[in-house]
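This briefing walks through one protein structure with its ligand, and it is best read with the sequence and the 3D view side by side. The notes after the display are grouped by topic.

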Amino acid sequence: MRARPTTLPLGLEGPWPHRHILDLDTFSRREIELALGLAATMKQVLRRDVKKVPSLRGKVILTCFYEPSTRTRISFEAAGKLLSADVITMQSAGSSVEKGESLVDTLLTLQAMAADVLVLRHPHAGAPYVAARHLRHTAVINAGDGTHAHPTQALLDLFTLRERWGALEGRRVVIVGDIAHSRVARSNLWGLVRMGVQVVLCGPPTLLPWDLLQGRHETPGHPFASVEVETDADRALEGADAVMVLRLQRERMETGLLPSLQEYIALWQVNERRLARARPGALVLHPGPMNEGVEISPGVAHGAQSVIEEQVTNGVAVRMALLYLLCAAGGAKA
Ligand code: NCD
């Protein structure tokens, strides 16, 4: 891959090295900082009276979602439109997918329509990687693949924390809930660890990502060596700077992983009493959609410490930054 050298509006020389955005495991701390810095510039654009800028005029962005989405799809579409790109939405319902067309054939068709960027959400882990392998002229952004990864959500979570704190290094972030089935948690793990955050994973043992954590204490240089696991939510929240709450992904669960919803609520719901164990002013994040009264109490979800709505606004700014990096900073045409 050869990218066109360019000067980014951050004053950084050099090309953006990623042709696609598939997950954060391949992102260095510097690249994450660059993306977050550019997102901060984009957020200033969002605050203007006239929000539209011409940066991606003439570019075509396709969103292709094979799973439900509110925030992710709409924020990508808003981001593309605010940068003056043409944004086309493909709904899998009503398309030739229903006539049995394969994913690869659908994607090649979309590429043939001169798409510069394809934003893909798919129920199967790895689908965006298949897309990236087959598409020569179109950059792929993973908008969530099965239980595997959701890198743009993790970047907007990092952005939200960094905007509040200034720096991320040394902070303590507790992720509570169904981590095993959460692509948000998995991408956040890579991002948070890379930024020097102390991560604590908390949830029922049946919903923890043991596959990712395997061998972390025995294998030298294991990326998640510093990650703590604490199944007791009261203890996990002790001293937390932020709590990231996750939905129970019942659509991805086999049966028998939870004794009962009542027990989950009693032991792991993030409510006012539990949140009081965290540092004063600890931030509460949730990627949405929330099941209020299950993983989070309504008082915490809408309370003074919640930054859940800020996450949504930041999602537009971060996705503007990523589209810009792929289209205008050398990625897409490489
Ligand atoms: C998440 C997703 O789809 O992975 N939501 C999102 O993108 N904001 C989390 C979820 O569905 O629970």
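A nitrogen atom of the ligand lies 2.9 Å from a polar backbone atom of Pro 287, and this is a good place to begin looking at the model, which is a predicted one. The points below start from the ligand and its surroundings, then turn to a sheet of strands, and end with two details of the backbone.

**Contacts of the ligand**

- Beside the contact with Pro 287, a polar backbone atom of Gly 288 is found 2.8 Å from a nitrogen atom of the ligand.
- Thr 72 takes part through its side chain, where a polar atom is placed 3.0 Å from an oxygen atom of the ligand.
- The ligand would expose 320 Å² if it were taken alone, and the protein buries 93% of that area.

**The surroundings of the ligand**

- The pocket in which the ligand sits is the largest pocket.
- Around the ligand are Thr 72, Arg 121, His 150, Gln 153, Arg 183, Val 184, Arg 247, Gln 249, Pro 287, Gly 288 and Pro 289.
- When the residues of this shell are sorted by character, three are nonpolar, five are polar and three are charged.

**An open sheet of five strands**

- Five strands make up an open sheet with parallel pairing, and their order across the sheet is E7-E6-E5-E8-E9.
- The edges of this sheet are formed by strand E7, which covers residues 228–229, and strand E9, which covers residues 283–285, and each of the two pairs on one side only.
- Strand E6, made of residues 198–202, pairs with E7 in the parallel sense over two bridges, and Val 229 in E7 is the bridge partner of Leu 201.

**Two backbone details**

- As background for both details, most residues other than glycine have a negative phi, and most peptide bonds are trans.
- The peptide bond that leads from Gly 288 to Pro 289 is cis, with an omega near -5 degrees, and Pro 289 itself belongs to the loop between E9 and helix H11, which spans 298–301.
- Both Gly 288 and Pro 289 also appear among the residues that surround the ligand.
- Ser 84, a residue other than glycine, has a positive phi, with a value near 70 degrees, and Ser 84 is located in the loop between helix H2 (71–82) and strand E2 (86–91).

Key: Residues are numbered from 1 along each chain as its sequence is written. This is a predicted model: local features need pLDDT of at least 70, side-chain atom pairs count only at pLDDT 80 or more; totals for chains, interfaces and linings use all residues. Side-chain values use heavy atoms; hydrogens and water are left out. A residue is near a molecule or strand if one of its heavy atoms lies within 4 Å of it. A polar contact is a pair of N or O atoms within 3.5 Å; within protein, one must be able to donate a hydrogen and the other to accept it, and residues adjacent in sequence count only if both atoms are side-chain atoms. Accessible areas come from the Shrake-Rupley method with a 1.4 Å probe; for residues, only the protein chains shown count as cover. On a 1 Å grid over the protein atoms alone, a cavity is a set of points where a 1.4 Å probe fits but cannot get out, and a pocket is an open set with protein on both sides within 12 Å along at least five of seven lines; lining residues have an atom within 4 Å of a point. A molecule sits in a cavity or pocket if more than half of its atoms lie within 2 Å of its grid points. Ala, Val, Leu, Ile, Met, Phe, Trp, Tyr, Cys and Pro count as nonpolar, Asp, Glu, Lys and Arg as charged, and the others, Gly among them, as polar. Two strands pair if DSSP finds at least two bridges between them. Helices (H or I, at least four residues) and strands (E, at least two) are DSSP runs, numbered from the N terminus.
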